[in-house]
Amino acid sequence: MQIRTRIAPSPTGFFHLGTARTALFNWLYARQQQGVFVLRIEDTDKERSKADFQSDIQTQLEWLKLVPDEVYVQSQNQKRHTALLESLVASDRAYISREPSKEDPTKIVAVVRLRNRGGLVTFRDLIRGEVAVDTTDLGDFVIARTMDDPLFHFAVVVDDADEQITHVIRGEDHVSNTPRQILIQEALGFERPIYAHLPLILAPDRTKLSKRKHATSVRDFRARGYLPDAFVNFIALLGWNPGTEQEIFSREELVAAFNIEAIQKGGAVFNEDKLRWFNRMYLNALTLEEVTTLILEQLVDISATEGEKQRLVRAIRDRIVVLDDVKHMIAAHELQFVTDAIVLDPARLPGKQSVGEARKHLSELIPCLEKIAFNSPEEIKDALWSYAENNGRGNVLWPMRYALTGQEKSPDPFTVAYVLGKEKTLARVRGAIGILES
RNA sequence: GGCCCUAUCGUCUAAUGGUUAGGACAGCGCUCUUUCAAGGCGUAAAUACGGGUUCGAUUCCCGUUAGGGUCACCA
């Protein structure tokens, strides 16, 4: 039999980190078992459901490359829900109860309650083993507000059955919900799916991740410049591990190594430092062409020629962890050497040597620089290196780097010269010599 | 509060009766670079507590403590 997994988010907020991980595990399991991964939008809460949120679910799933094989929208199953509600009432497994409304006790409403004989319900969980819960306290719980307005538990059970879901892999917060869903299944005569309840993702203080205090929506991580593969790799290892020391996994490797029964039982703290590390690893693995495209997108606001921007990638690529760091570098003026007229502090320019020595070194660099084409930082380094070696690297390189950038901190002088190009580099070196002469 | 679940370095985790308790991130140190990063090398850091069972417990059992989940006419 083909296995079928699903995620069932409600479109009441932006696609959540926790849902992303649930989606990943469902997707991994489906891919591994040659099964089908289903997305069902649970939009039965008409008040809170919004179209924007619904499209965000699909947008982010695509971004993460966890594209569902089939998509359903719960509200479209309303007739089916009503029909089954009616059959339950007809067979007296459920009944209509006229009682004061919970929200407005002055109003009498007709809710549908399931006849619950109580007792112990046991189910096997792929992650937790046998779970037993006494359902007596639940009483005859409500399964629908009205005959055509079913509640979450009822809709879930019906849709899972209709969509032939074989494995319900979801968050731990549903463990306590499972017995009542089983009760509904039994009343309906449906087959019971296999359950697996994932541990929750926690905030650093070990409490539930809250929207107020933490970034929880996938779109936020995306906006901050995380790479989807890095994000997926990181969340895969939040609560699961391969049993080996491997941490970097391609999608295929993840599918192959994934073992649902090896999933952790306790909640896992979301550690952004580790996510950043993963992102760095994935950034390093990109080709120059790929990383250039991504970095160029971050550079739209700075005033530099296309050529300068292209070359600037060389100075940025190894200095960032997430793409958004480029914006921070801009804000911290770390890239201003490309654009603005730089300001040199004459006292800083020579470094640890005398003004005369610094001026001499800078002058000696000019003929070396004039001879070359500035095709790469390496070419520039080759042209200058022996002179720098012979005269003290720092004595030569510090004035050069400072002359080109006017900054205490910057990329290495060869990369900076490459970014600036031959003309600007020579102009700035000459300018610095002029300052030292005056 | 009732019920359910969980408990190894700060964090993610490996090791299910015998290990110097391993790895990764973060930290710290050194190195490379006369800048800042990145890189390389190294280092510190854990079995929540108390009882059992056992020749021997991180590992099995019980209790305590702590944390989480859930107890809707939300999903």
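A residue counts as buried if 20 or more other C-beta atoms lie within 10 Å of its own. This cut-off is applied here to a predicted model.

Helix H7 spans residues 228–236. Of its 9 residues, 8 are buried, so the helix is largely enclosed by the rest of the structure. The buried residues are Asp229, Ala230, Phe231, Val232, Asn233, Phe234, Ile235 and Ala236. Four helices are packed against by these buried residues of H7: helix H1 (17–32), helix H6 (218–223), helix H8 (251–257) and helix H9 (272–285). In general, an α-helix has 3.6 residues a turn, so residues three or four places apart point the same way.

Strand S10 (residues 167–171) is also described by its burial. Here 4 of the 5 residues are buried, so S10 is largely enclosed by the rest of the structure. Its partner is strand S11 (residues 194–198). The two strands pair in the parallel sense, over 5 bridges. Within this pairing, Val168 has Tyr195 in S11 as its bridge partner. Helix H5 (residues 178–188) joins S10 and S11 in a right-handed β-α-β unit.

A separate description applies to the open sheet of 4 strands. The strand order is S4-S5-S8-S9, and the pairing is antiparallel. Strand S4 (94–100) and strand S9 (149–150) stand at the edges. Each has a single partner strand, so one side of each is left without a neighbour in the sheet. S4 is joined to strand S5 (residues 108–114) by 7 bridges, and the two run antiparallel. One residue pair in this arrangement is Ser97 with its bridge partner Val111 in S5. In a regular strand, side chains alternate between the two faces of the sheet. Helix H3 (residues 78–90) lies across S4, S5, strand S8 (142–146) and S9. H3 runs at about 95° to S4.

The model also contains RNA strand B, which is surrounded by 60 residues. The closest are Ser10, Glu42, Phe152, Gly266 and Gly394. Several elements give two or more residues to the surface near RNA strand B. Among them are S4, S5 and S8, strands of the open sheet. Strand S7 (129–134), strand S13 (268–269), H9 and helix H16 (393–405) also belong to this group. H16 gives the most, with 5 residues. H9 thus has two roles in this description: the buried residues of H7 pack against H9, and H9 gives residues to the surface near RNA strand B. By class, that surface has 18 nonpolar, 18 polar and 24 charged residues.

Technical notes:
Residues are numbered from 1 along each chain as its sequence is written. Chains are lettered from A and ligands numbered from 1 in the order in which they are written. This is a predicted model: local features need pLDDT of at least 70, side-chain atom pairs count only at pLDDT 80 or more; totals for chains, interfaces and linings use all residues. A residue is buried if 20 or more other C-beta atoms lie within 10 Å of its own, exposed if 12 or fewer, and partly exposed in between; C-beta atoms are placed from the backbone. Two residues are in contact if their C-beta atoms, placed from the backbone, lie within 7 Å. Two strands pair if DSSP finds at least two bridges between them. Axes are lines fitted to C-alpha atoms, for helices over the stretch in contact, and angles run from 0 to 180 degrees between N-to-C directions. A residue is near a molecule or strand if its C-beta atom, placed from the backbone, lies within 6 Å of it. Ala, Val, Leu, Ile, Met, Phe, Trp, Tyr, Cys and Pro count as nonpolar, Asp, Glu, Lys and Arg as charged, and the others, Gly among them, as polar. A crossover is right-handed if, with the strands pointing away from the viewer, the path from the first strand over the helix to the second runs clockwise.
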